[in-house]
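Open the model in your viewer and keep the selection tool ready. This tour goes stop by stop.

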Amino acid sequence: MLINCVVYNDGRKQADIPLEEISAHLHQPDNFVWVALQDASEEELRAMQEQFGLHELAVEDVLNGIQRPKVEEYDEHLFVYLQVPAYHGGKVHIGQISIFVGPDFVLSVRQNCEQTLLGVRERAEREPHLLKYGSVYVMYALSDAVVDLFFPMVDALDDELEQLETAMFHNQETRKNMERLYEIKYKVNVLRHALLPLADGFSKLYGGRVPALVGDAENYFRDVHDHIMLLNSQLDSMRDTISTAIQVNLSLITIDHGEVNKKLAAWGAILVLTTIFTGIWGMNFKYMPELHWKFGYPLALLIMASCAIYLYRHFKKTGWI
């Protein structure tokens, strides 16, 4: 589905045009065309492939669905594949955006993407002095906007993890805590898989040999790369924190089990002692001491109660009960 198709000249919007008129605006001085598609069909992509001369392998990557995020250089254009995050209802949703960039065109294709990214075009059009860089600046603006979407999500997961760490020491829901830890770990891994490959991809766009299309815009891609590295660092730190929290939670479970075992052992000792007394005095010996004494039975109960109370106070003092 076509979102918009706009021609720009010298960094300024000229007109919205139909797809059939794209070829008339290509190869013109200081001109480039920006086409945005959403959930494009194979027919639409094949039409764009023919219009812009897109490489067959790049088009196949878009048609085949979810791919590993990457930046690839072809003879006549660059291809960038990004995963676009969305976070609501406590769940992470991942869409995709594919960006084809040539000297005089930009084609962006969003698939299963909940983010509109319409603000990117508005931002670019407010900055004609930067849009003069041409199609490569649009590629930067789209990439930067997608990467920036990760920051609030990482912050939200970090807050959730901090709250859970605090709760671990104030409630006994160890199983529930463990489930929440693994939920956060899953979300972190989803974001990490979307970001980690981009570090290598965007490192190709600044410093040393860079694609000719990038030209003087490489400093902007360095900025995107810095953001990616920062996010990856935060996610790695969160993974370490989660691993530590899981170990702590397991230790708390072990400690709780130890406390239960101590209580059972203490009560067991009290019951065993009284059982010994009753077992001895319950035997039918003829010459059992004090067997026919009228105070023998109360005395036996008193001895058992005294021993039980002594053991109870001792275990209470040592923290077993």
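Contact here means heavy atoms within 4.5 Å. Axes are lines fitted to C-alpha atoms, for helices over the stretch in contact, and angles run from 0 to 180 degrees between N-to-C directions. Helices (H or I, at least four residues) and strands (E, at least two) are DSSP runs, numbered from the N terminus.

This is a predicted model, in which local features need pLDDT of at least 70, side-chain atom pairs count only at pLDDT 80 or more, and totals for chains, interfaces and linings use all residues. Residues are numbered from 1 along each chain as its sequence is written, and side-chain values use heavy atoms, with hydrogens and water left out.

**Stop 1: the whole protein**

Show the cartoon. The protein has ten helices and seven strands. Of its 321 residues, 43% are buried. Buried means under 20% relative accessible area, exposed over 50%, and partly exposed in between (1.4 Å probe, protein chains only). Take contacts between residues at least 6 apart in sequence: 63% of them join residues at least 24 apart.

**Stop 2: the sheet**

Select the strands. In which order do the seven strands of the open sheet run? The order is β2-β1-β3-β7-β6-β5-β4, and the pairing is mixed. Two strands pair if DSSP finds at least two bridges between them. At the edges stand β2 (12–16) and β4 (70–73). Each has a single partner strand, so one side of each has no neighbour in the sheet. From one strand to the next, the twist averages 20°.

Now colour residues 2–9 and 31–38. These are β1 and β3, which run antiparallel and are joined by seven bridges. Find Asn-9, which stands opposite Asn-31 in β3.

Move to β4. It runs antiparallel to β5, with four bridges between the two. The pair forms a hairpin, with four residues between the strands. Look for Glu-72, which stands opposite Phe-79 in β5. Side chains in a regular strand alternate between the two faces of the sheet.

**Stop 3: helices on the sheet**

Select residues 118–125. This is helix α4, which lies across β1, β2 and β3 and runs at about 15° to β1. Next, pick α7. It lies across β5 (78–88) and β6 (91–102), at about 40° to β5.

**Stop 4: α6 against α7**

Keep α7 (residues 150–168) selected and add α6 (residues 135–148). The two helices pack at an angle of about 10°, with their axes 5 Å apart. That makes α6 roughly parallel to α7. Angles under 35 degrees count as roughly parallel, over 145 as roughly antiparallel, 65 to 115 as roughly perpendicular and the rest as oblique.

Which residues meet here? Val-146, Val-147 and Asp-148 in α6 meet Phe-150, Phe-151 and Pro-152 in α7. By class, this contact has five nonpolar, no polar and one charged residues. Ala, Val, Leu, Ile, Met, Phe, Trp, Tyr, Cys and Pro count as nonpolar; Asp, Glu, Lys and Arg as charged; the others, Gly among them, as polar.

**Stop 5: the loop between α1 and β3**

Show sticks for His-27, in the loop between α1 (22–25) and β3. Its phi is near 65°, a positive value in a residue other than glycine. Is His-27 buried or exposed? His-27 counts as exposed, because its relative accessibility is 70%.

Go on to Asp-30, also placed in the loop between α1 and β3. Asp-30 has a phi near 60°, again positive in a residue other than glycine. Asp-30 is exposed, with a relative accessible area of 57%.

**Stop 6: a lysine and a serine**

Select Lys-187 in helix α8 (residues 174–203). This lysine is buried, with a relative accessible area of 8%. Leave out residues up to four places away in sequence, and Lys-187 touches Tyr-87, Gly-90, Val-92, Leu-157 and Glu-160.

Then find Ser-243 in helix α9 (residues 218–281). Ser-243 is partly exposed, at 35% relative accessible area. Draw a distance from its C-alpha to that of Lys-185. The two residues are 58 apart in sequence and 8.7 Å apart in space.

**Stop 7: the cysteines**

Finish with Cys-5 and Cys-113. Cys-5 counts as buried, because its relative accessibility is 2%. Cys-113 is buried too, at 10%. How many disulfides does the structure hold? It holds zero; a disulfide is a pair of cysteine sulfur atoms within 2.5 Å.
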